[in-house]
Amino acid sequence: MDTKVAIIGCGAIGREIALSIDTKKISNCNLSILFDTDSMKLESLHNDLQYKPSSTFNDFNELITSNDYRNVNLVIEAASVKAARTYMATILKQRKDIMIMSMGAFSDPTFYEIIIQLLANSDNNVFLPSGAIGGADIIRSVKDYIDEVSIVTTKSNKSLKGAPYFSNNGIDIDTIKEKQVIFNGNAINAIKEFPSNINISALVSLAGIGFEKTRVIIVVDPKIINNQHEIQVKWKFGSFQIKVDNMPSPDNPKTSYLAILSAIECLRGICEKNLKIGS
Ligand SMILES: NC(=O)c1ccc[n+]([C@@H]2O[C@H](COP(=O)([O-])OP(=O)(O)OC[C@H]3O[C@@H](n4cnc5c(N)ncnc54)[C@H](O)[C@@H]3O)[C@@H](O)[C@H]2O)c1
């Protein structure tokens, strides 16, 4: 049976996922619904699809009360941390699986507990793709023995522009001309200050020792083109470092292109019944 998918957010990630389904790059998968609060984004993606989804929405309540939504098995959130926090519990209560891209949502402990409780009483899954990094499998395996985990993210001014951190601290990012550390703190505060830039620290936190103990260092480098993430883990029986150098998405410089490919691969893993490699 095909997995029937609803996508929330028709931006850089949602668009590429929809196009992958449309061009049959994922077997056993059917795009049923697109939802975006920005009608222009919605329309633009809808126009580019050869196989049109049954419905499109720009209002969440209309989406979840629609007939087409009843048949959806999997909702993919690719919108924002705020959107994930607003919609996720409702979707889980309606017995749908969810893939979450804005996983920074889990940095709020109350929200995290609500979702864990809902999952404990349901047969549904929440899927969190590896995103712009690798190594979540190793972090998960050694989590009970970790002494220290940090993630150093280096991005250009363009990739970091618009983060609340700059207005909160009266900093004009365009005036930063030399490479410098602009944030050094835990993952909870990193996600608060950079909700669209450092979602990946949530994956590291969830796989490892939690948001409070995961250190995040954000570096702005005016000369860099790619987004870089370096994860360093020290654990009882060893240590490891993983450095990933990613081109930003042409549609959204905040998002690494690898995050898009990772979401598509995660969807493939859900829809296609075959070898599960490295999971
Ligand atoms: N997990 C990861 O590794 C990773 C990597 C990159 C981006 N992200 C996160 O994934 C999300 C999507 O990224 P993107 O690059 O596609 O962003 P984008 O800005 O290109 O697209 C987001 C889309 O969602 C829509 N949207 C925003 N709020 C909405 C709401 N409340 N309801 C419905 N639609 C809404 C916007 O109109 C926009 O079209 C962001 O939160 C981003 O931070 C995660």
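**Reading a ligand site**

Biologist: Which residues come nearest to the ligand?

Modeller: A residue is near a molecule if one of its heavy atoms lies within 4 Å of it. Of the 28 residues around the ligand, Asp36, Tyr87, Ser102, Asn199 and Thr255 come nearest. This is a predicted model, in which local features need pLDDT of at least 70, side-chain atom pairs count only at pLDDT 80 or more, and totals for chains, interfaces and linings use all residues. Residues are numbered from 1 along each chain as its sequence is written, and side-chain values use heavy atoms, with hydrogens and water left out.

Biologist: Which polar atoms lie close to an oxygen atom of the ligand, at 2.6 Å and at 2.8 Å?

Modeller: A polar contact here is a pair of N or O atoms within 3.5 Å. A polar side-chain atom of Ser102 is 2.6 Å from a ligand oxygen, and one of Asn199 is 2.8 Å from a ligand oxygen. For Ala12, a polar backbone atom lies 2.9 Å from an oxygen atom of the ligand.

Biologist: Why does the ligand lie between domain 1 and domain 2?

Modeller: Domain bounds come from an automatic or database assignment. Domain 1 (3-131 + 259-271) and domain 2 (136-255) both give residues to the shell, so the ligand lies between them.

Definitions and conventions
Polar contact = N/O pair within 3.5 Å; in protein donor to acceptor, adjacent residues only side chain to side chain.
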